[in-house]
Amino acid sequence: MHISAIFDFSNTLLFRKLLLFTSSATGYSINGQKHTLVQRNIKQLHEQVKEGNFLALARGITIVENELSGYHDLLLGLHRNRHARVIGITGPPGAGKSTLVNALIRYWLTENKKIAVLAVDPSSPFNYGALLGDRIRMSEFYTHPNIFIRSLATRGALGGLNAKMIEITDLVKEAPFDLVLVETVGVGQSEIEIAGLADCTVVTLVPEAGDEVQTLKAGIMEIANIFVVNKADRDGAEALFRNLRIMAHEKAAGADETPVIKTIATGDEGVGELATAIVTFLDAQENLPEKRLHLLADKCWQLIQAQRMKDIDHNRLRTELAEAVKQDNFNLYAFVNHFLGN
């Protein structure tokens, strides 16, 4: 069984053992050769990931997610992989995203695809570990040699993703996968970061969401490359389907309309049509370099933002702010400039 598929194990005995392994393998300083040892072990780990070693990939994700020794060396060694494509599955809570991912895995396995799933779960408010959530529904694939499943906690990050998701996804793409499915946590309109990560974003809705379409229009609805009306056997499914078709037509403005597909994921109905629509979109996207550039620019923006925020001490910020607000002439924007040394 692929242990990494079951839960975010950053607070478990297994994680501590892996951390000990990483520390013992890369942490010794012998005649000033610590960094050389780190590079050597990370290079070996990287080669194992490229060979499709799931345990090595799990270790690599743990190193990246927790910024352990060798974190930067591992990222700097990554290559651009045009083969594996990233598919984002997003939508509000209760839309059946995990069940839909399950059905897509089952479909693509019939085509002998090799698939990685990065499933983002809500964080525990106590230890920031994943709350497991719907990963149990994917249990039938845990031991399949062509499937790698990893649950990741949001760890307080907004936008439905883990804060290290960009780096983790790029690492996973180093392994010989055909597709990488990223399932977001399901937080509604703020869940738009997936558009900057995925090559194709699938927005999943259910009939009960019909009255919310207008309120979602300015957020999550705008990022869809494909709309899915899941649980299409329920009352109101046809009305939601028609509303989405109308909205997709208005949004197209003469260009290709965003596909709207009905599915019943629990019965694998409509899943083949959805899989075909995803592949069709991915094939067409290769001929749209501007969209690819936009995706890469968005990735760079997030990485630069994260790097620049690393040196910000939140406790110091809070302490200095507590003193500053006592002044009669307090100005938030002047305080920020002073704090940043501008």
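Here are some exercises on the chain above, each with a worked solution; keep in mind that the model is predicted.

**Exercise 1. Find out how confident the predictor is: where is confidence lowest, and where is it highest?**

Start with the whole chain. The average pLDDT is 78, and 72% of the residues score at least 70.

Next, go to the two ends of the scale. Helix α1 (residues 13–26) has the lowest confidence, with a mean of 43, while strand β7 (residues 260–262) has the highest, at 96.

Finally, look at two weak stretches. Residues 123–134 have a pLDDT below 50, and this stretch has 31 contacts in the model beyond near neighbours in sequence. Residues 156–160 are also below 50, with 15 contacts counted that way.

**Exercise 2. Sketch the overall build: how many helices and strands does the chain have, and what share of its residues is buried?**

Count the elements and you get 12 helices and seven strands.

Now check the burial. The chain has 342 residues, and 47% of them count as buried.

Then see how the chain folds back on itself. Take the contacts between residues at least 6 apart in sequence: 76% of these join residues at least 24 apart.

Last, the outside. The accessible surface is about 17700 Å², and carbon and sulfur atoms account for 54% of that.

**Exercise 3. Work out which parts of the chain the salt bridge between Arg106 and Asp268 ties together.**

A bit of background helps. Side chains of opposite charge can pair when their charged atoms come close.

Step one is the distance: the closest N and O atoms of Arg106 and Asp268 are 2.8 Å apart.

Step two is the location. Arg106 sits in helix α5 (residues 97–109) and Asp268 in the loop between β7 and α9 (271–285), so this pair joins parts that are 162 residues apart in sequence.

Step three is the surroundings. Arg106 is partly exposed at 28% relative accessible area, and Asp268 is partly exposed at 36%.

One more thing about Asp268: its phi is near 60 degrees, a positive value in a residue that isn't glycine. Most residues other than glycine have a negative phi.

**Exercise 4. Take the salt bridge between Glu320 and Arg316: how far apart are its closest N and O atoms, and how are the two residues placed in their helix?**

Begin with the gap, which is 2.8 Å between the closest N and O atoms.

Then count along the helix. Both residues belong to α11 (residues 314–324), and being four residues apart separates them by about one helical turn. An α-helix has 3.6 residues a turn, so residues three or four places apart point the same way.

To finish, check exposure: Glu320 is partly exposed at 28% relative accessibility, and so is Arg316, at 39%.

**Exercise 5. Decide whether Glu167 and Lys164 are buried or exposed, and name the network they belong to.**

First, the pair itself. Glu167 and Lys164 form a salt bridge, at 3.7 Å from N to O.

Now compare each value with the cut-off for buried, which is under 20% relative accessible area. Glu167 comes to 9%, so it is buried. Lys164 comes to 14%, so it is buried too.

Then widen the view: a network of salt bridges links Glu67, Lys164, Glu167 and Lys310.

Glu67 is worth a stop. Its place is the loop between α3 (54–66) and α4 (71–76), it is partly exposed at 34% relative accessibility, and it has a positive phi of about 50 degrees despite not being a glycine.

Glu167 also appears among the buried residues of helix α6. Seven of the eight residues of α6 (residues 165–172) are buried, so the helix is largely enclosed by the rest of the structure.

**Exercise 6. Test the length of helix α8, then find which of its residues are buried.**

For the length, use 1.5 Å a residue. The 16 residues of α8 (residues 237–252) should span 22 Å, and the end C-alpha atoms are 22 Å apart, which agrees.

For the burial, list the residues: Ala237, Leu240, Phe241, Leu244, Met247, Ala248 and Ala252 are buried. These residues cover an arc of only 135 degrees around the axis, which puts them on the same side of α8.

Turn to the other side of α8 and you'll find His249 and Glu250 exposed. Just after the helix, Ala253 takes a positive phi of about 50 degrees.

Note on methods:
Residues are numbered from 1 along each chain as its sequence is written. This is a predicted model: local features need pLDDT of at least 70, side-chain atom pairs count only at pLDDT 80 or more; totals for chains, interfaces and linings use all residues. Side-chain values use heavy atoms; hydrogens and water are left out. pLDDT is the predictor's confidence in each residue, from 0 to 100. Contact means heavy atoms within 4.5 Å. A salt bridge is a side-chain nitrogen of Lys or Arg within 4 Å of a carboxyl oxygen of Asp or Glu. Buried means under 20% relative accessible area, exposed over 50%, partly exposed in between (1.4 Å probe, protein chains only). Accessible areas come from the Shrake-Rupley method with a 1.4 Å probe; for residues, only the protein chains shown count as cover. The expected span of a helix is 1.5 Å times one less than its number of residues. The arc is that of the directions from the helix axis to the C-beta atoms.
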